[in-house]
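Dear colleague,

I am handing over the structure we spoke about, and you will find it just below. My notes on what was found in it follow, so please keep the two side by side as you read.

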Amino acid sequence: MNERETLKINSNGVLEIGGVDAVSLVKQYQTPLYVMDKAYIKSICNVYVNTIKDFYGDGAVAYASKAFSCKEIYRIMKDSSMSIDVVSAGELYTALSVGFPAEKIYFHGNNKSFFELDLAVKNNVGTIVLDAYQEADILNDICEKYNKTQNVLIRTNPGIEAHTHHYIQTAKIDSKFGFSISNLEALEMVKYALNKKNLKLKGLHCHIGSQIFEKKSFELAVEKMTDFYLKIKNVLNYEFEVLNLGGGFGVYYTDEDEKLSVTDYAEYIKTIAKKLNDCVIKKGIKKPYLVIEPGRSIVGEAGVTLYTVGNIKTIPKVKNYLSVDGGMFDNPRFALYSAKYTVKIANRMLDKPEKYYTVSGKCCESGDIIAENCYLPTVKSGDIVATFSTGAYNYSMASNYNRNLVPPVVMVENGKSYYAVKPQTLEDLLRNDV
Ligand SMILES: *Cc1c(COP(=O)(O)O)cnc(C)c1O
C-alpha cells in the first residue's frame with residue numbers, strides 16, 4: 001500500500017479512502033465494490049498539465065481512457081483541462097455524451113471500423129491516429145463526403161523495448177501497432193498520408209510500453225523520434241507540428257515496484273521536456289506541440305476494490321485459499337498476464353500478519369485468482385478484503401463471465417461518496433437476450 005493523505009489507516013485500524021472508511025463504504029454499497037479517490041485523480045492531472053506548461057510550453061495531456069472509462073471520468077478530465085484518447089466508438093460516444101470537447105480527443109486503434117471513423121469525423125474529433133494505409137483511404141473518403149479536412153497523426157514504432165511484462169509491450173518491431181521508423185515503413189506511410197487531400201498530417205505518435213519506471217526509455221524515444229523528424233525535414237522538406245509520445249508511466253502494485261508520490265510524476269514530464277528541448281535545438285527542427293497520454297498513472301493508484309471474504313479452504317501442506325465475492329469478472333489481470341497486487345484486510349489493517357493466502361475469485365476457472373502469497377492476519381468469513389491499485393484496467397476490463405454482475409464504481413472525496421457507475425442488476429443481464 002502506497003499511503004497518502006487520501007489512502008491511509010484510521011485510528012480504528014480501518015482502511016480509509018478519500019476520508020471515508022472501508023467498513024462504512026461496504027455497509028452503504030455492499031461488495032464487490034470499486035472505490036475511486038477523486039482527489040488523487042484530480043491532483044495527478046494537475047501535476048501533468050502544469051509540468052508540461054512550466055517545463056515545455058505548448059502541449060497537452062491526453063488521458064488514455066481505456067484505463068477507466070465512464071461518464072464521470074470524462075467529466076473529471078474536462079474539468080481538469082485534460083485532453084483524452086479513445087480507442088473505440090464506445091469510449092468516444094461516452095465522452096461526447098457528457099460534452100467532452102471533441103477537438104481535445106485523440107482517436108487511436110489498429111483497426112478502427114468505418115462506423116467508428118465516420119462517427120469521429122461527423123463529431124469533429126480533433127485528431128485521428130492512423131495505423132494503416134487502408135485506414136488513410138477510408139478516412140479520406142469519409143472526410144470528402146463531409147467536405148472536411150481531418151488532422152491526423154501516424155502511429156509509429158521507434159523499436160524501443162521498455163521494461164515491462166512481455167504481453168503488455170506494444171512497441172517492439174514485432175507489433176500489430178504502428179509503422180517502424182527504423183526501416184522505410186514509416187517514411188512511406190508519411191508520404192502516403194501527405195498525398196491525401198482531406199487529411200492534414202500534423203506529426204507522429206508512439207507508445208513504447210506500459211508500467212515503465214525507467215525514464216531513460218522515454219529519453220530514448222525522444223531521441224529516435226526527433227531523429228526521424230529531422231529525416232522527414234531533410235528528405236521531404238516537411239516539418240511536423242506535433243509529437244505524441246504516448247503513456248506508460250509506472251504505478252505501485254507491490255513492493256517490486258517503486259512508490260511514487262503524485263508530485264514524483266512531474267519527473268517523467270520534466271525528463272521528456274528537457275530531452276525534447278535539447279533535441280529540437282541540437283537537430284534544428286521545429287519545436288513540436290508535445291502530447292503525452294498517461295492512463296494507468298492517472299487512475300491506477302486511485303482505485304481500491306473491496307470484497308467480502310466467503311469460504312476459506314486450507315489444504316494441509318499446500319496452501320490456504322481465501323475466496324472473495326469478486327474475481328476475474330471484476331479484475332481479470334492475474335488471469336490475463338499474472339499481474340500482481342497488494343491485498344490487505346481493510347477492517348483490521350493493524351492486526352499482525354500470520355499466514356499466507358491465495359485470494360481467489362468465485363468464477364469457474366482455476367486461474368480465477370486476485371493475488372497469490374498474501375501475508376495476512378488469520379482471516380475470518382465476513383472480513384473485508386482490499387485490493388490496491390485497481391483503478392486502471394479493472395472496471396474497463398470487467399465482464400459478465402458466469403453471469404456475474406459488474407460491480408458499481410463509487411467516487412470518494414472529502415469524506416463523501418457517490419456512484420460514478422451504478423450496480424448492474426439481474427435485469428440488465430437479460431436486456432439484450434432475445
Ligand atoms: C494504453 C495506451 C496508453 C496508456 O498507457 P498507460 O500505461 O496506461 O499509461 C497511451 N497511449 C496509447 C496509444 C495506448 O495504447
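Let me start with S360, which counts as buried because its relative accessible area is 9%, under the cut-off of 20%. S360 is part of strand 17, which covers residues 355-360, and its side chain is in polar contact with the side chain of S323 at 3.2 Å. Leaving aside residues up to four places away in sequence, S360 touches Y321, L322, S323 and V324, and also D368, I369 and I370.

Before going further, please bear in mind that this is a predicted model. The chain has a mean pLDDT of 96, and 97% of its residues reach 70 or more. The stretch to treat with caution is residues 165-171, where the pLDDT is below 50, although this stretch has 20 contacts in the model beyond near neighbours in sequence. Where pLDDT is low, the predicted coordinates should not be read in detail.

The ligand will probably interest you, and I take it next. It is surrounded by 15 residues, of which the closest are K66, S210, E293, R296 and Y393. By character, the residues of this shell divide into three nonpolar, seven polar and five charged. Three of the polar approaches to the ligand can be described atom by atom. A polar side-chain atom of E293 lies 2.7 Å from a nitrogen atom of the ligand, whereas R296 uses a polar backbone atom, which is 2.7 Å from a ligand oxygen. G248 also takes part through its backbone, with an N or O atom 2.8 Å from an oxygen atom of the ligand. Of the 380 Å² of accessible area that the ligand has on its own, the protein covers 94%.

A second region to look at is the one around helix 2, helix 3 and the loop that follows helix 3. V49 lies in helix 2, residues 38-55, and is classed as buried because its relative accessible area is 17%, which is under 20%. Not counting residues up to four places away in sequence, V49 touches V61, S80, S81 and M82. In helix 3, which spans residues 71-79, the buried residues are E72, I73, Y74, I76 and M77. S80 sits in the loop between helix 3 and strand 6, and at 14% relative accessibility it counts as buried too. The side chain of S80 reaches back to the backbone oxygen of I76 at 2.8 Å, while its contacts further away in sequence are K42, C45 and V49. S81, just after helix 3, takes a positive phi of about 60°.

Finally, some points of backbone geometry. T31 and P32 are joined by a cis peptide bond, with omega at about -5°, and P32 is placed in the loop between helix 1 and strand 4. K317, although not a glycine, has a positive phi of about 65°; this residue is found in the loop between strand 14 and strand 15, and at 88% relative accessibility it counts as exposed. N373 is likewise not a glycine and has a positive phi, of about 50°, but it lies within strand 18, residues 369-376. With a relative accessible area of 59%, N373 is exposed.

With best wishes

Technical notes. Residues numbered from 1 in each chain as written. Predicted model: local features only at pLDDT ≥ 70, side-chain atom pairs only at ≥ 80, totals over all residues. Heavy atoms only, no water. pLDDT = per-residue confidence, 0-100. Contact = heavy atoms within 4.5 Å. Helix = DSSP H or I, 4+ residues; strand = E, 2+ residues; numbered from the N terminus. Buried < 20%, exposed > 50% of the residue type's maximum accessible area, 1.4 Å probe, protein only. Near = heavy atom within 4 Å. Polar contact = N/O pair within 3.5 Å; in protein donor to acceptor, adjacent residues only side chain to side chain. Areas by Shrake-Rupley, 256 points an atom, 1.4 Å probe, with all protein chains shown as cover. Nonpolar A, V, L, I, M, F, W, Y, C, P; charged D, E, K, R; others polar.
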